[in-house]
Amino acid sequence: MKSRVTKPYDYHLAEIPQELCLWRIPEEELEQQIETLSRNHAFEEDADTVMMGDSVACRSESKAARWNRPVMLFYPGRNICDADLENACVGAKLGEQRTVAIESDEVQLTVTRIVRRSNMPIGDELIAAENIPGVTTLEAYKRWYRETNEPDRRRNAAYRTAYYLTEQVAEKIGI
């Protein structure tokens with residue numbers, strides 16, 4: 001098979017969309033990554049008052065047998081359980097009793113434990129907890145993250161650009 005180009009095209013003249021050329025990690029993404037690290041290294045502590053997002057253990061008592069339990073777990077704000085039961089716990093203190101009307105029954109909840117999850121503060125201690133060799137400070141982590149991830153981003157941007165150029169050449173010469 002013999003083929004020949006019937007219409008020359010200078011690919012250097014192709015205008016490449018700016019979004020294809022982006023390969024550097026933006027500061028916003030880096031900050032988001034550090035926030036994720038903070039959440040990953042969160043710690044739990046006992047609390048005195050129930051807030052949204054806490055984990056709450058209650059003793060539940062009712063005339064209906066299905067609500068009589070020595071331990072019921074609630075996660076206010078996460079919509080895992082019945083919203084009325086979850087919301088009844090919000091603002092309660094340890095040992096406090098709350099009564100909730102649900103499905104024509106009254107359920108009495110007694111808060112027995114409140115656990116709050118707190119993110120690890122962002123700083124050098126958080127970065128040290130990651131145990132990355134040679135990376136002990138926040139600035140060193142940012143540098144390491146860029147050095148580790150930007151080569152892949154650059155390669156992916158090059159692939160996208162090459163594909164775009166190939167499509168443009170094919171379109172211009174009529175393939």
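1. Ala129 lies in helix α4. The model is predicted. With a relative accessible area of 30%, Ala129 is partly exposed. Setting aside neighbours within four places in sequence, Ala129 is in contact with His41 and Met120. Arg69 is another matter: Ala129 and Arg69 are 60 residues apart in sequence, and their C-alpha atoms are 39 Å apart in space.

2. Ile122 sits a little earlier in the chain, in the loop between β5 and α4. Its relative accessible area is 39%, so Ile122 is partly exposed. Beyond neighbours within four places in sequence, Ile122 is in contact with Ile34, Glu35, Ser38 and Leu138. Compare Gln108: Ile122 and Gln108 are 14 residues apart along the chain, yet 40 Å separates their C-alpha atoms.

3. Ser118 belongs to strand β5, which covers residues 105–118. Ser118 has 18% relative accessibility and therefore counts as buried. Its side chain makes a polar contact of 3.1 Å with the side chain of Glu45. Leaving out residues up to four places away in sequence, Ser118 touches Ala42, Phe43 and Glu45.

4. Now the cores. The largest nonpolar core has 18 residues, and Phe74 and Leu109 touch the most other members. Elements giving two or more residues to this core are β2 (55–62), β3 (69–74), α3 (83–89), β4 (97–102) and β5. Which element gives the most to this core? That is β5, with four residues. Phe74 merits a look on screen. Not counting residues up to four places away in sequence, Phe74 touches Asp54, Ser55, Val56, Cys58, Cys81, Leu85, Glu86, Cys89 and Leu109. A second core of twelve residues is separate, and Leu30, Ile127, Ile132 and Val135 are among its members.

5. Asp54 is one of the residues that Phe74 touches. Asp54 is found in the loop between β1 (43–46) and β2. Is Asp54 buried or exposed? It is buried, with a relative accessible area of 2%. Two polar links deserve checking. The Asp54 side chain reaches the backbone nitrogen of Met51 at 2.8 Å. A polar contact of 2.8 Å also joins the side chains of Asp54 and Arg116. The wider contacts of Asp54, not counting residues up to four places away in sequence, are Thr49, Phe74, Tyr75, Pro76, Arg78, Ile114, Val115 and Arg116.

6. On cysteines, a search of the whole structure finds zero disulfides. Cys81 is in none, and its nearest cysteine sulfur, that of Cys89, is 8.7 Å away. Cys81 has a relative accessible area of 30% and is partly exposed. Cys89 is in no disulfide either; the nearest cysteine sulfur to Cys89 is that of Cys58, at 3.9 Å. Why no disulfide here? A disulfide needs cysteine sulfur atoms within 2.5 Å. The 3.9 Å from Cys89 to Cys58 does not meet that. Cys89 is buried, with a relative accessible area of 2%. Both Cys81 and Cys89 touch Phe74.

7. Helix α5 runs over residues 138–173. Do the helix ends fit the count of residues, or not? At 1.5 Å a residue, its 36 residues should span 52 Å, and the end C-alpha atoms are 51 Å apart, so the two agree. There is still a kink of about 35° at Asn149, shortly before the proline Pro151. The buried residues of α5 are Ala140, Tyr141, Lys142, Tyr145, Glu150, Ala157, Thr161, Leu165 and Gln168. These buried residues pack against α1 (18–21), α2 (27–40) and α4 (124–129).

8. Two asparagines need a backbone check. Most residues other than glycine have a negative phi. Asn79 has a phi near 55°, a positive value in a residue that is not glycine. Asn79 lies in the loop between β3 and α3. Its relative accessible area is 63%, so Asn79 is exposed. Asn131 is not a glycine either, and its phi is positive at about 55°. Asn131 lies in the loop between α4 and α5. At 65% relative accessibility, Asn131 counts as exposed.

Definitions and conventions
Residues are numbered from 1 along each chain as its sequence is written. This is a predicted model: local features need pLDDT of at least 70, side-chain atom pairs count only at pLDDT 80 or more; totals for chains, interfaces and linings use all residues. Side-chain values use heavy atoms; hydrogens and water are left out. Buried means under 20% relative accessible area, exposed over 50%, partly exposed in between (1.4 Å probe, protein chains only). A polar contact is a pair of N or O atoms within 3.5 Å; within protein, one must be able to donate a hydrogen and the other to accept it, and residues adjacent in sequence count only if both atoms are side-chain atoms. Contact means heavy atoms within 4.5 Å. A nonpolar core is a set of buried Ala, Val, Leu, Ile, Met, Phe, Trp, Tyr and Cys residues joined through side-chain atoms within 4.5 Å. The expected span of a helix is 1.5 Å times one less than its number of residues. The bend at a residue is the angle between axes fitted to the seven residues ending there and the seven starting there.
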